[in-house]
Amino acid sequence: MDIILYLKDDVFWVVDQAQRPFEVSQEVDWKNEDELEAFFNSLPKTAKLKLVFDFIDENIQYEWVPKLLPWDKPAYKKRLVSKAHASGGLFVHCQWLPIFQYNGIRNEQLILIASILNSAPLEKLLALIKSHELSVTRLYSHVFLIAYLFFKKLAPKLKIQRKQLKLPFLLVFREQKYRFRQLFFLQGILRISRSVQLDEHLGSEQAIHEQLNHETEVAIKYLYNQKILPMGTPVGFVYLNHLQGDAVSVVELYQQEVADASWNSDQWFAKEGNLTQLLSRAGATEKQVVIQGLSDCIASSPPPAFFHWEYVQKHRLFSQLRFGLNVLWISAMISGFALLIQQTMQTYFLMEEQTVLKQQSNLYLLEKQRLQNTTQLPYDAEDVKATVEFSEAIMQSQAKKGLDLQALSQVVAQHPHILLETLSWQKGRKLDGNQLSVHIQGWVFPFDKTYQSPVQWVDRFVLGLNALPGIVEVKLTQEPLDRNLQKSLEVEGQSVKMVTALPFRVMLRFGAATSANKEG
């Protein structure tokens, strides 16, 4: 909620910027504490105020000071501001103007010092603003705001040329029936502001115009007497009113009674205008027309703040800090959401990978089952038990003939790629002496379409059998692959993909003549 407060000497007008057109929605006697307190209690905490000061005792001074170097100006300006505060100024505006002169001794520059004098009611109003923690964004001077409005919007519509705006001229506009405002400009800078209150007993508009013309003549003589202008310097005249036909008679009186016949027409001008038409405020009253124009100017193209207040700067800093914290909080929330999304995506991808791994594990189990069913290897528990019992019986009955089945089992355990299928034996004939022949039939696996590894595994198994105690002879009666290259190629041409293990057979001979045979 943006609100503009136009502070007069006794009351202030309230303009809500959310309403169109801009109108004075409330008039508050700000020297009445109860009425003032009730007004601020009605404002929301989010209200943002702009203060426009329009006091009769507003102090506007211009001084010629020695032309200084840029780095010397801040310290000099600070001294002038401190001096204005010491003289009772509550708000002070100090500005270097681009106007120079040479006084015969030194070069000088013009500087503006404008101040709002302190008073008890004004301090009370500012204290209420602080106590309610209301935001104040800008502080304006009413007369300088009117000057800004004139140069920005009114002068182009009156078709006043830029070079004419550099000439000395007097701007007069009607605020109320008997109250007028005179603003004097020199080189495009506001130099004097004067409020003119006419006698309320004047009965006709003609009498009001004659009295206003007299006040205008007094103002121009003041410019000559104070040597603001050399004697006889032409002074232009601009009159603004909200009544039809009123402006013409005022300008005619100025041309006939105030303007000197010797003035060169290129050095002065006279213009009149209707504020209601210039500001497009048809139907607006005397009170509303200027306020609407100023409020529209503040809302559409706000000028820089005129006065400076530490409370405004502190509140603005606090607002910026709060905005920064909000940005950080939003950034943290966005980062948190981004991290949450990232973790969710990672979890999703991990679950997908887990599903794929589970599927692969199931495929491996199915493949293992298929291989077991294809090879039909007898390795169930009953067969293993029967084989162990058979081996123990053989060991007990043939221990004297040199057959050590425990050592044979250790050799088989050392070769994980060898799986025995059958184990058969026969006692040697009388001519063979005390010998025992053992025939082993088994499988070498896995077979992955290359024969090199199965052949090496069987060869290593044969070497392990040769190390058995009491062995006479180890003979590979059936190899997993014929070492003949031509036959290997023939096997390669068959359905190799269907084979997962290769068969082989080994014949062992045990006997008493082991040592003699090995030595031979």
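Which residue lies over the face of F100, and at what distance from the ring centre? I'll come back to that under point 7; here are my notes, in order, on what is a predicted model.

1. Salt bridges overall. Side chains of opposite charge can pair when their charged atoms come close. In this structure the count comes to 10 salt bridges. Three of them are worth walking through one by one, along with a network.

2. R181 and D54. These two side chains form a salt bridge, with 2.7 Å between the closest N and O atoms. R181 belongs to strand β10 (residues 179–186), while D54 sits in the loop between β4 (48–53) and β5 (59–66), so the pair ties together parts that are 127 residues apart in sequence. Have a look at the surroundings too: both R181 and D54 are buried.

3. K153 and D296. Here the salt bridge has an N to O distance of 2.8 Å. Because K153 lies in helix α4 (residues 142–157) and D296 in helix α9 (residues 286–300), the contact ties together parts that are 143 residues apart in sequence. Are these side chains buried or exposed? Neither label fits: K153 counts as partly exposed at 23% relative accessibility, and D296 is partly exposed as well, with a relative accessible area of 24%.

4. E205 and R174. The closest N and O atoms of this salt bridge are 3.0 Å apart. The pair links distant parts of the chain, with E205 in helix α6 (residues 205–225) and R174 in strand β9 (residues 169–174), 31 residues apart. The two partners sit in contrasting settings: E205 is partly exposed, at 29% relative accessibility, whereas R174 is buried, with a relative accessible area of 1%.

5. A charged network. Which residues do shared salt-bridge partners join together? K8, D54, E175, R179 and R181 make up one network. The R181 and D54 of point 2, both buried, therefore belong to this group.

6. N274. This residue lies in strand β13 (residues 270–274) and is buried, with a relative accessible area of 9%. What does its side chain reach? The side chain of N274 comes to 2.9 Å from the backbone nitrogen of T276, and to 3.1 Å from the backbone nitrogen of Q277.

7. Lysines over rings. To return to the opening question, K67 lies over the face of F100, at 5.0 Å from the ring centre. K73 is likewise placed over the face of W96, with 5.1 Å to the ring centre.

8. Aromatic pairs. A pair of aromatic rings is described by the distance of the centres and the angle of the planes. Searching the whole structure gives 24 aromatic pairs. One of them is F53 with F55, an edge-to-face pair at 5.8 Å centre to centre and 65° between the planes; both F53 and F55 are buried. F447 and Y451 form a tilted pair, with 4.8 Å centre to centre and 35° between the planes. Both F447 and Y451 are buried.

9. An aromatic cluster. F53 and F55 turn up again here, in one aromatic cluster with W30, F91, F144, F306, F307, W309 and Y311. It is a good place to turn the model around and follow the rings from one to another.

Notes
Residues numbered from 1 in each chain as written. Predicted model: local features only at pLDDT ≥ 70, side-chain atom pairs only at ≥ 80, totals over all residues. Heavy atoms only, no water. Salt bridge = Lys/Arg side-chain N within 4 Å of Asp/Glu carboxyl O. Helix = DSSP H or I, 4+ residues; strand = E, 2+ residues; numbered from the N terminus. Buried < 20%, exposed > 50% of the residue type's maximum accessible area, 1.4 Å probe, protein only. Polar contact = N/O pair within 3.5 Å; in protein donor to acceptor, adjacent residues only side chain to side chain. Phe/Tyr/Trp six-rings, centres within 6.5 Å; stacked < 30°, edge-to-face > 60°. Lys NZ or Arg CZ within 6 Å of the ring centre and 35° of its normal.
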